[in-house]
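Please explain how this protein is put together, beginning with the way its strands pair and going on to its core, its pocket and its unusual backbone positions.

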Amino acid sequence: MASLNMTLLLLHIVFITFSYSEARHHKHTYKGHKHAHYPPPASGISVPPSSQPADAPAYNVPSGVFDILSFGAAGDGIVDDTDAFKTAWDSACTNTDSDTSVIHAPGGYTFMIQSTIFTGPCQTPIIFQIDGSVVPPDGPEAWPQNMSKHQWLVFYRVEGMSLQGGGRIDGRGEKWWDLPCKPHKGVNGTTMPGPCDSPIAIRFFQSSNLTVKGLKIQNSPQFHFRFDVCHDVHIESIHITAPALSPNTDGIHIENTNNVEIYNSVISNGDDCVSIGSGCYDVDIRNITCGPGHGISIGSLGNHNSRACVHNVTVRDSKIQLSENGVRIKTWQGGSGAVSGVTFDNIHMEGVRNPIIIDQFYCLGRGCNNQSSAVFVSDIVYSNLKGTYDVRSPPMHFACSDAVPCTNITLADIELLPAQGEMMLDAFCWNVYGSLQSLTIPPVSCLEEGMPPQPILETGIDRC
């Protein structure tokens, strides 16, 4: 039996290291959204489950592979396995005996981890291979008082890491969503007083050359993924799910992050499938199935009179279904900066309430005043967007600032029909300038052709 175990572990090393070696030799060719060809989506890398029974004593593994069980993890979903994960990470991070370090959470086990920060930089690239299940403490009452309630699993200053596998990360968010401070719990949409902190499931901070692939992530208390101050991020073939009414459960949120690729994934949740915050550029989103949820959003930007810049974003070859919004740009009044160079291409809508929306009057309360400054929105292309919309709202809604018009808005091959009945709503436009490259359904007769007068265009605009 010992010989068989050692043979399987050696096969682990060869298989995972070979997989990583292929990934290491893939070079990003991100220049103006021109990419290397990626293979079709995979169901995740399959690693044979550990043959070690749950009640067996800890065992040694060859250098390069750090099996969580060998560091004392119980894997029963009840006993706290945080120390085992932290020790495995520290050992892998300081490993110099191999070109790649592999942390393996094997299938057939459920590991319970407290709020934890995994810190780099490390001596070698790390593959974090999750084939089992990973869960946090079950709700606010079980969350230790000395632990952060803002985040669960944090990766800080890591370089060249891959978070992958065929396993599941379950945020156990139900009890967090039911806090009385959450929007859907109060009377008539109001909220009740009390603490409202809810953890982000997975956060990468100040990290680079990251890959997330093959995993299933579900029921985060708040955002499922958040990337802050990162670059060179590749996300592929992941599946994110949460109930449609779960509050603030964005699938993937990026902030001050660039060179991002999000491919071949399914996201169904209670907020934005993908949300793009300030400081992001060179973002390519391709072959995403989104919804139910709130669609794919740039913003919100410019809150509290802040400066926000987003440019060079492409969303293409995707499907948005049964969602509150389709593709959206949302900014607060009083902000500054710019959103520019955005393309939405070949997107199918199915039963979406607001398929195309620019909202420069975004406001979550009643005390939002119209202000003379705004985030400048320009050079936005909508091409080959087709499908059906919920007839409660106009299928195209362009609400641009009174003082800072939206400019160079281009529409081509737009065909949006009512999901039910024959009543077709007109597009809505306010202070928006651009061009129609072809006839649209419905017609967009409210779009102003050309450019606004130069004195208006130059007033209050910060182009980043």
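**A walk through the strands, core and pocket**

Strand 18, which spans residues 258–268, is mostly covered, since ten of its eleven residues are buried. The model discussed here is a predicted one, and strand 18 is a useful place to enter it. On strand 15 (residues 231–236), strand 18 has a parallel partner to which it is joined over five bridges, and in this pairing His234 has Glu261 of strand 18 as its bridge partner. Strand 16 (residues 239–241) also runs parallel to strand 18 and is joined to it by three bridges; here the bridge partner of His239 is Val266 in strand 18. Strand 20 (residues 280–290) pairs with strand 18 as well, again in the parallel sense and over eight bridges, and Val260 finds its bridge partner in Val283 of strand 20.

Parallel pairing can be followed further along the chain. Strand 22 (residues 307–321) and strand 24 (residues 336–352) are parallel and share 13 bridges, with Thr314 standing opposite Thr343 of strand 24. Strand 24 in turn pairs with strand 26 (residues 376–389), in the parallel sense and over eleven bridges, and one of the places to look is Val339, whose bridge partner in strand 26 is Val377.

These strands belong to a protein with four helices and 31 strands. Of its 464 residues, 54% count as buried. Among the contacts with a separation of 6 or more, 75% are made by residues 24 or more positions apart.

The next topic is the interior. In soluble globular proteins, nonpolar side chains tend to be buried together. In this model the largest nonpolar core has 95 residues, and the members that touch the most others are Phe204, Phe227 and Tyr382. The surroundings of Phe227 can be described in more detail: neighbours within four places in sequence left aside, Phe227 is in contact with Phe204, Leu210, Val212, Val233, Ile235, Ile252, His253, Ile254, Glu255 and Thr257. Phe204 is thus found both among the contacts of Phe227 and among the core residues that touch the most other members.

From the core we turn to the largest pocket, which has a volume of about 1,200 Å³. It is lined by 39 residues, of which Asn248, Asp271, Lys330, Tyr362 and Leu364 are the closest to its centre. Several strands contribute to this lining, and at least two residues come from each of strand 17 (252–255), strand 21 (296–301), strand 23 (325–331) and strand 25 (354–359). In chemical terms, the lining of the largest pocket divides into 13 nonpolar, 17 polar and nine charged residues.

Some backbone positions also deserve a careful look. Most residues other than glycine have a negative phi, and most peptide bonds are trans. Asn248, already met as one of the residues closest to the centre of the largest pocket, has a positive phi near 60° although it is not glycine. Asn248 lies in the loop between strand 16 and strand 17, and it counts as partly exposed because its relative accessibility is 36%. His304 likewise has a positive phi, of about 55°, without being a glycine. His304 sits in the loop between strand 21 and strand 22, and with a relative accessible area of 71%, above the 50% cut-off, His304 is exposed.

Two cis peptide bonds can be added to these positions. One joins Gly299 and Ser300, with omega at about 10°, and Ser300 is found in strand 21, which is among the strands that supply residues of the pocket lining. Another joins Ile441 and Pro442, with omega at about -5°, and Pro442 is located in the loop between strand 30 (432–436) and strand 31 (448–449).

A last stop is Cys196, in the loop between helix 3 (174–177) and strand 11 (200–205). Cys196 counts as partly exposed because its relative accessibility is 31%. Its contacts, when neighbours within four places in sequence are left aside, are with Leu179, Cys181 and Lys182. Cys196 and His150 are separated by 46 residues in sequence, while their C-alpha atoms are 9.8 Å apart in space.

Notes:
Residues numbered from 1 in each chain as written. Predicted model: local features only at pLDDT ≥ 70, side-chain atom pairs only at ≥ 80, totals over all residues. Heavy atoms only, no water. 1 Å grid on protein atoms, 1.4 Å probe; cavity = no way out; pocket = protein on both sides within 12 Å on 5 of 7 lines; lining within 4 Å. Points joined across faces, edges and corners; volume = space filled by probe spheres on them. Nonpolar A, V, L, I, M, F, W, Y, C, P; charged D, E, K, R; others polar. Core = buried A, V, L, I, M, F, W, Y, C linked by side-chain atoms within 4.5 Å. Buried < 20%, exposed > 50% of the residue type's maximum accessible area, 1.4 Å probe, protein only. Contact = heavy atoms within 4.5 Å. Pairing = 2+ DSSP bridges.
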